[in-house]
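Student: Please take me through this model one piece at a time. Keep the terms strict and the answers short.

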Amino acid sequence: MTESAFRGGQDPNAALEATGSDDPSTSPAIAPGWWSWFASKPGLWIGLGLGLAAGLLVGGMRLTSEPAAAVDDASEATESAAQPVTVLTVQSTSVERSLETTGTVVPYDLLPIAPRTSGLQIQQVLVDDGDVVTAGQVLAVLDDTVLRSQLLEAQASLESARANVRQQQATLAQTQATLAEAETNLQRFQSLRDEGVISQQDYDSRATAAVTSQEGVQVAIANVNSAEAQVASQAARIQQLETQVDQTLVLAPADGLVAERMARLGDVSSTGTPLFSLIQNGQLELEVTLPETQLSQVQVGMPVRVTSDADARIDLQGRLRDIAPLVDPQTREATLTIELPSSSLLRSGMFLQAVLILDSRSGVTIPTAAVLPQQFSV
């Protein structure tokens, strides 16, 4: 069979059978035609190669992806089956609506304590910062040496004045006795004169003696009054000095907590310079700020929860005591004052958090532990 017969559409295998050989290379008539036909079609070779490569790639992807997906599904099923589930009953509870802010602890009433007398050195300081004191307790002692010396001198002068009063009173009594005698003699001499026993001259001398005695009594009374006035003056001086001695003791005006001690040994006292500052009754309050846009939500008397990031023990229930009538024009915030309960944990100057409870409503809550987190793939 010729090459033209093969191109005419006959089966090349039939041609091989006709030659009686299975090796095309041994058939010079058929092999060149077969090879030359494929060699003349380079696009066919390229297409066959690309198709084979694509088939291998798709098959490999299926072989690798399907087992991985099966493993992932099995892993997820295992995790879901192994994860513990906690079942809790939902409960009806009070749900609060609140505002949060921060502020600084300040004294409710800070009392400055100054000495009651000036020019004396501080001799003793008996309290320190943070000490609890009671009304009338001695906080410091000033040097009273000079005052006590003056007091002793005044007391001696008082005794001398009292002795002078006694002396003047004795003189008064003597002059009064002389006056009484002179008046008696004058009456007797008047009778004798009327009877003509004595002369008018003798009577006049007795009358003059009576008048002189009367004047002596008046002088003695004046001297007694003067001596008594001197006693009163010395007594007043003593009282003044005793008061000044008492004022050398710096006393607490009320119960409270010593916020600051400025007094130092050897300093000279001045009535215009405080030696201590006292938090009256130890009462503290919290000053916070709130934007003006939220002021309409708060009112005096509402409860406030006070906590501290620095001290977990501080968890107190306060009360909104005051809302400042002015808003800061720069920050647009107003100052709120929160009344704090008495607590040994609180200190002036602390920075605390405040939660203002606006209202409380009944609602259903679900514990966090009862919520099962889910992972969602996008």
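**Strands, sheets, helix and pocket**

Student: In which sense do strand 10 and strand 11 (residues 315-327) pair?
Tutor: Strands (E, at least two residues) and helices (H or I, at least four) are DSSP runs, numbered from the N terminus. Two strands pair if DSSP finds at least two bridges between them. Strand 10 and strand 11 have 5 bridges. Their sense is antiparallel.

Student: What pLDDT do side-chain atom pairs need to count?
Tutor: Residues are numbered from 1 along each chain as its sequence is written, and side-chain values use heavy atoms, without hydrogens or water. This is a predicted model, so totals for chains, interfaces and linings use all residues, while local features need pLDDT of at least 70 and side-chain atom pairs pLDDT 80 or more.

Student: Which residues form the covered face of strand 10?
Tutor: Strand 10 spans residues 303-307. Pro303, Arg305 and Thr307 make up its uncovered face. Of these, Pro303 stands opposite Arg319 in strand 11. The covered face holds Val304 and Val306.

Student: Which strands are the edge strands of the open sheet with the order 3-5-6?
Tutor: Pairing in this sheet of 3 strands is antiparallel. An edge strand pairs on one side only, and that picks out strand 3 (122-125) and strand 6 (249-251).

Student: How many bridges join strand 5 to strand 6?
Tutor: Strand 5 covers residues 138-142 and runs antiparallel to strand 6. Ala140 stands opposite Val250 across this pair. The number of bridges is 3.

Student: Why is one side of strand 2 and of strand 4 left without a neighbour in the sheet?
Tutor: The open sheet has 4 strands in the order 2-8-7-4, with antiparallel pairing. Strand 2 (110-113) and strand 4 (132-133) stand at its edges, so one side of each lacks a neighbour: each has a single partner strand.

Student: Which residue is the bridge partner of Leu257 in strand 8?
Tutor: Strand 7 (residues 256-261) and strand 8 (residues 276-280) run antiparallel, joined by 5 bridges. Opposite Leu257 in strand 8 is Ile279.

Student: How many residues line the second largest pocket?
Tutor: A pocket is an open set of 1 Å grid points, taken over the protein atoms alone, where a 1.4 Å probe fits with protein on both sides within 12 Å along at least five of seven lines; lining residues have an atom within 4 Å of a point. Leu257 is one of the residues nearest the centre here, along with Gly282, Ser342, Ser343 and Ser344. The full lining numbers 13 residues.

Student: What is the volume of the second largest pocket?
Tutor: Grid points are joined across faces, edges and corners, and the volume is the space filled by probe spheres set on them. That gives about 240 Å³.

Student: Is Ser213 buried or exposed?
Tutor: Ser213 is found in helix 6 (residues 200-247). Contact means heavy atoms within 4.5 Å. Leaving out residues up to four places away in sequence, Ser213 touches Thr175, Thr178, Leu179 and Ala182. Its relative accessible area is 10%; with buried under 20%, exposed over 50% and partly exposed in between (1.4 Å probe, protein chains only), Ser213 is buried.

Student: What distance separates the C-alpha atoms of Ala235 and Leu158?
Tutor: Ala235 also lies in helix 6. Its relative accessible area is 33%, so Ala235 is partly exposed. Leu158 is 77 residues apart from Ala235 along the chain. Their C-alpha atoms are separated by 6.4 Å.
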